[in-house]
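Here are my notes on the model, as numbered points. Please read them with the structure open.

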Amino acid sequence: MAETVLSIEHVAVHFGGLVAISDMNFHVNKGEIVSLIGPNGAGKTTAFNVMTGFLTPAKGAVNYCGADLKGKKPHEIADLGLIRTFQRTSVFPNDTVYDNVLIGLHRQGELKGKLGLAEAILGLPRARASEKAQRARAAELVRWIGLEARANDLAGSLSYGEQRLVGVALALAAQPKMLLLDEPVSGMNASETHTFVQLIRNIRDRGVTILLVEHDMPMVMSVSDRIVVLNYGRIIAEGPPDEIRKNPAVIEAYLGQGAKDVVKEVAVHA
Amino acid sequence: MDQLLQHLVNMLVLGGTYALLGIGLTLIFGIMNVVNFTHGILYTFGAYMMFIVVHQLGLNFFLALPVAIVAGWLLGALIEITLLRPLRGADIDTTMLVMIGAWIAMQSGALWIWGGVAKSIDNPFPDAPLVIGPVSVSWLRLFVLFAAALLIVLAYSLINLTKLGKAMRATFQDSDTAALMGVNVSLIYTSTFAIGSSLAAAAGALLGPVYVVFPQMGDLAAVKAFAIVILGGLGNITGAVIGGFILALAEELGAGYVSSGYRDAMGFLIIIMVLIFKPTGLFARAERVG
Amino acid sequence: MKQIVTLLCLAFFASVPMWLTDPYLLNALITTGIFIIGAMSLNLLLGFTGQLSLGHIAFFGIGAYVSALTSLGFDVPIYGDFHIVHVPWPPIAGFLLAIVISGFCGYLVGRLSFSVRGAYFVIVTISFAEVVRLVALNWVELTQGPLALTNIPSITIGLPGLGYLVLKTKFHNYYLVLAVAAISYFLISRLVHSHYGRAMRGLMENETLAVAVGIDVTKTLTLAAVISAGIAGAAGSLYAHYIRIIDPDVFAFISTVTMVIMVVSGGKGSLAGPVVGGVIFGLLPVFLRPIMPPEAQWITYGVVLIVILFVMPRGIVPSLAAKLGLARAGGTRRASVAVSERTAEEHA
């Protein structure tokens with residue numbers, strides 16, 4: 001039996017009278033790559049917001065590594081090693097790529113003990129060593145993600161696909177045990193997407209569990225160990241890609257539209 | 001008890017003009033998202049217009065009021081066109097600082113032109129107050145109350161019954177969509193600022209004769225207007241009217257039962273309390289999250 | 001390179017009293033210096049966390065009153081026969097207490113008001129400053145109200161083996177202010193270049209993302225508010241012991257505006273910005289005074305502020321740096337951000 005990292009139990013979210021998620025149940029095991037898919041408005045991003053503390057569910061619980069996340073603030077959840085990226089605003093636009101990653105290293109910069117601030121301001125040895133280590137780590141991450149050539153450019157000036165990479169780099173900087181990626185390949189071309197799939201596998205091989213929300217069906221099918229399908233706020237199917245591909249309920253609810261997306265994408269990149 | 005009744009009457013007179021100030025500012029703040037620091041100077045300007053028309057031009061008191069309102073309208077439109085229109089799309093801090101610059105320049109201008117000595121404005125009402133039982137109120141203050149009430153009704157009708165008002169409300173909801181539907185957003189912004197300014201000028205013109213007129217009189221008025229807007233909720237006209245009366249009540253009771261020195265602290269305390277405990281204002285509608 | 005420029009500037013400022021003997025100008029420089037310290041502290045909030053505090057003068061004024069009262073002593077009736085009596089302490093104790101108490105007020109204001117942002121934060125801070133001013137005006141037993149606290153002693157520094165040095169002359173005070181300014185500059189510089197500073201910048205640019213990588217909003221903003229308020233309190237204390245008389249007018253809103261103008265014109269978020277903006281706007285009245293009446297000076301002030309916001313919205317230092325090519329791609333910053341936003345929308 002694999003170790004469960006994240007489990008969503010009976011979660012429901014309402015916006016006023018609107019039900020965004022009704023009774024959602026699923027789990028992610030350690031070392032897995034799981035995709036959460038579903039048509040627009042199915043509640044995927046809402047689910048992410050619940051898991052990372054940006055939204056409080058009306059009902060149900062989110063458990064991460066055995067701890068109930070109820071009432072925890074987003075930064076406290078990040079502190080537990082559950083880190084997410086964002087669909088739209090994935091970078092700090094007015095900072096360089098390198099500085100973006102440095103900001104992401106915030107958790108590493110926190111010195112233990114009460115004197116952290118004084119040490120940092122006076123430049124005491126421990127703070128200096130920590131600063132040096134952070135800078136080295138930032139440079140390493142920028143290299144690893146493949147953006148070395150753009151390290152000193154403002155993140156806001158990068159292409160959309162490159163910004164997604166910066167977003168992932170700064171999420172990695174925060175030392176995740178589990179990474180939630182919100183539509184990471186939207187805006188990437190086919191070759192960028194291909195490289196990104198490789199990257200996701202590399203991240204997993206470093207021991208990070210991954211949950212992603214994505215519209216790009218070929219990408220989802222190739223990268224996922226398991227897929228959870230959401231429609232109208234409830235889970236309609238769950239299983240490995242081959243099963244999901246054949247599931248009639250999924251085809252009905254989703255793949256029709258997904259196929260259209262694929263056609264569109266091919267047209268765009270032709 | 002008698003004292004309390006007197007405070008309540010004073011509250012009505014004060015609250016009417018506060019409501020005018022608040023409606024003007026809540027329109028500008030709500031529709032344009034501009035923190036308008038010139039609101040107080042428009043109030044001052046209205047009072048000086050009153051002074052000029054009555055004393056320097058020697059014209060009728062009742063004529064001076066519409067003159068002040070129209071002058072406030074024109075000055076507001078001028079400020080919007082020269083300072084705010086070129087900055088459309090700038091962040092709220094930038095427009096706020098520009099408004100601060102305009103406020104400093106205009107207030108110093110008022111000091112330069114009219115001097116720092118407070119001026120009083122004569123009024124045609126009898127000196128003896130109207131006495132009803134334990135309560136006495138001057139005829140001038142009664143006039144102020146009725147004029148303010150009339151202007152509030154006019155502002156209400158403008159926003160709820162006219163085409164312009166409809167376009168203003170649409171812009172408040174969503175300026176991009178309003179623009180797509182054919183609303184001339186630039187014109188709406190100018191109108192909004194001009195109307196808001198004319199209401200501030202009206203408040204100044206009404207209270208000028210009650211108190212005295214001096215260049216810094218608008219500073220406190222501006223802060224009070226902010227308190228009213230925060231109390232009533234952004235862009236909420238009814239909220240602004242109720243907020244105006246609540247502030248007036250708090251000031252009357254604070255001055256009467258705590259210490260007159262802290263009368264003007266009431267507005268600030270209200271702001272701090274409301275923003276800490278109920279940041280959307282007392283009368284805000286519950287909004288959908290997300 | 002940057003450090004050399006900073007040190008050269010410091011050396012230049014240190015040399016000023018050697019060749020400038022005009023007491024009027026020296027006085028203008030001292031008060032300007034005090035306001036520059038205030039502007040630097042404001043810049044920490046406005047430029048590095050994006051929070052515009054328009055009540056900043058409250059911390060300055062609290063520092064001034066705390067320092068003055070500590071060194072003057074007081075006897076305040078609280079209830080009935082119960083009095084709080086304080087015997088005068090040395091002014092240097094007042095200076096330190098001013099920093100601590102102003103910093104504590106910064107903590108309170110920060111904790112209470114960072115739940116509201118943008119325009120509302122601005123209005124809360126203004127209100128806080130006005131309430132403090134009204135207290136200073138009305139609590140006559142403690143503050144003398146409008147009658148002012150007078151005869152505030154000058155700061156005295158104990159020199160081991162050499163007795164005491166009373167910093168009474170303009171010459172002394174200039175160096176005192178310069179020293180405090182240099183220390184504040186150094187402190188702020190170290191802070192913003194540490195991971196605390198990066199957390200502040202992250203919050204300013206993209207709060208949601210910053211939170212998602214584990215940055216604690218309340219803690220980070222409160223830290224900035226405490227340090228900012230503490231430095232402003234130090235400036236207020238210097239002011240009280242230099243001018244030696246304070247009344248509730250130290251809380252005037254216009255003083256906050258002066259600091260804001262210094263920061264915005266010089267360049268918010270730039271360490272040198274408040275210094276450059278401060279020197280220009282602090283000395284502007286010196287040059288305007290002979291040629292125009294005070295009202296016209298203020299009109300000029302307002303107009304210059306508007307013109308700077310229209311012409312150089314990012315401030316003098318960043319604009320010049322971009323022109324000289326010192327800053328990283330500064331000029332294209334705006335355009336590129338706009339482009340990335342558009343792409344984001346296309347993909348949404």
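1. **The A–C interface.** In this predicted model, 39 residues of chain A are in contact with 31 residues of chain C. Several elements of chain A each supply at least two residues of the side that touches chain C. They are helix H2 (74-79), strand S6 (82-84), helix H3 (97-104), helix H4 (106-109), helix H5 (116-122) and helix H7 (160-173). What is the chemical make-up of that side of chain A? It divides into 16 nonpolar, 17 polar and six charged residues.

2. **The open sheet of chain A.** Six strands of chain A form an open sheet. Their order is S6-S7-S8-S3-S9-S10, and the pairing is mixed. Which are the edge strands? They are S6 and strand S10 (234-239) of chain A, each of which pairs on one side only. From one strand to the next, the twist averages 15 degrees. Strand S6 thus appears in two places: it is an edge strand here, and it supplies residues to the side of chain A that touches chain C.

3. **One end of that sheet.** Strand S9 (residues 226-231) of chain A pairs with S10(A) in the antiparallel sense. Five bridges join the two. To place the register, look at Ile227(A): its bridge partner in S10(A) is Gly239(A).

4. **Helices on the sheet.** Helix H1 (residues 44-51) of chain A lies across five strands of chain A: strand S3 (33-37), S6, S7, strand S8 (209-213) and S9. H1 runs at about 150 degrees to S7(A). Helix H8 (residues 190-205) of chain A also packs on the sheet. H8 touches S3, S7 and S8 of chain A. The direction of H8 makes about 145 degrees with that of S8(A).

5. **Strand S1 of chain A and its partners.** Strand S1 (residues 4-15) of chain A pairs with strand S2 (residues 18-29) of chain A over eight bridges, in the antiparallel sense. Val13(A) has Ile21(A) as its bridge partner in S2(A). The hairpin of S1(A) and S2(A) has two residues between the strands. There, Gly16(A) takes a positive phi near 60 degrees. S1(A) also pairs with strand S4 (residues 59-64) of chain A, again in the antiparallel sense, over five bridges. In that pairing, Glu9(A) has Ala61(A) in S4(A) as its bridge partner.

6. **Two backbone angles to check.** Most residues other than glycine have a negative phi. Gln175(A) is not a glycine, yet its phi is positive, about 55 degrees. Gln175(A) sits in the loop between H7 and strand S7 (178-182) of chain A. Is Gln175(A) buried or exposed? Gln175(A) counts as partly exposed, because it has 18 C-beta neighbours inside 10 Å. Asn33(B) is not a glycine either and has a positive phi of about 55 degrees. Asn33(B) is found in the loop between helix H1 (2-32) and helix H2 (39-56) of chain B. With 16 C-beta neighbours inside 10 Å, Asn33(B) counts as partly exposed.

7. **Annotated spans in chain B.** An unreviewed UniProt entry carries the annotation "transmembrane region" for chain B. It covers residues 12-31, 61-84, 96-118, 139-159, 187-214, 226-250 and 265-284. Take two of these spans. Residues 187-214 of chain B are 75% helix and 0% strand, and their end C-alpha atoms lie 33 Å apart. Residues 226-250 of chain B are 84% helix and 0% strand, but here the end C-alpha atoms are 15 Å apart. Please look at the path of the chain in this second span.

8. **Overall form of chain C.** Chain C has 15 helices and four strands. Its radius of gyration is 21 Å, close to the 20 Å that the globule rule gives for 348 residues, so chain C is as compact as a globular protein of that length. The C-alpha trace of chain C spans about 70 × 50 × 45 Å along its principal axes. Of the 348 residues of chain C, 49% count as buried. Among contacts in chain C between residues at least 6 apart in sequence, 75% join residues at least 24 apart.

9. **A hairpin in chain C.** Strand S3 (residues 156-159) and strand S4 (residues 163-166) of chain C pair in the antiparallel sense over four bridges. Leu159(C) stands opposite Gly163(C) in S4(C). Three residues lie between the strands of this hairpin, and Gly161(C) takes a positive phi near 80 degrees.

Terms used:
Residues are numbered from 1 along each chain as its sequence is written. Chains are lettered from A and ligands numbered from 1 in the order in which they are written. This is a predicted model: local features need pLDDT of at least 70, side-chain atom pairs count only at pLDDT 80 or more; totals for chains, interfaces and linings use all residues. UniProt positions are given in the numbering used here, feature names are shortened, and annotations may be inferred rather than shown by experiment. Two residues are in contact if their C-beta atoms, placed from the backbone, lie within 7 Å. Ala, Val, Leu, Ile, Met, Phe, Trp, Tyr, Cys and Pro count as nonpolar, Asp, Glu, Lys and Arg as charged, and the others, Gly among them, as polar. Two strands pair if DSSP finds at least two bridges between them. A residue is buried if 20 or more other C-beta atoms lie within 10 Å of its own, exposed if 12 or fewer, and partly exposed in between; C-beta atoms are placed from the backbone. Axes are lines fitted to C-alpha atoms, for helices over the stretch in contact, and angles run from 0 to 180 degrees between N-to-C directions. The radius of gyration is taken over C-alpha atoms; the globule rule is 2.2 Å times the number of residues to the power 0.38.
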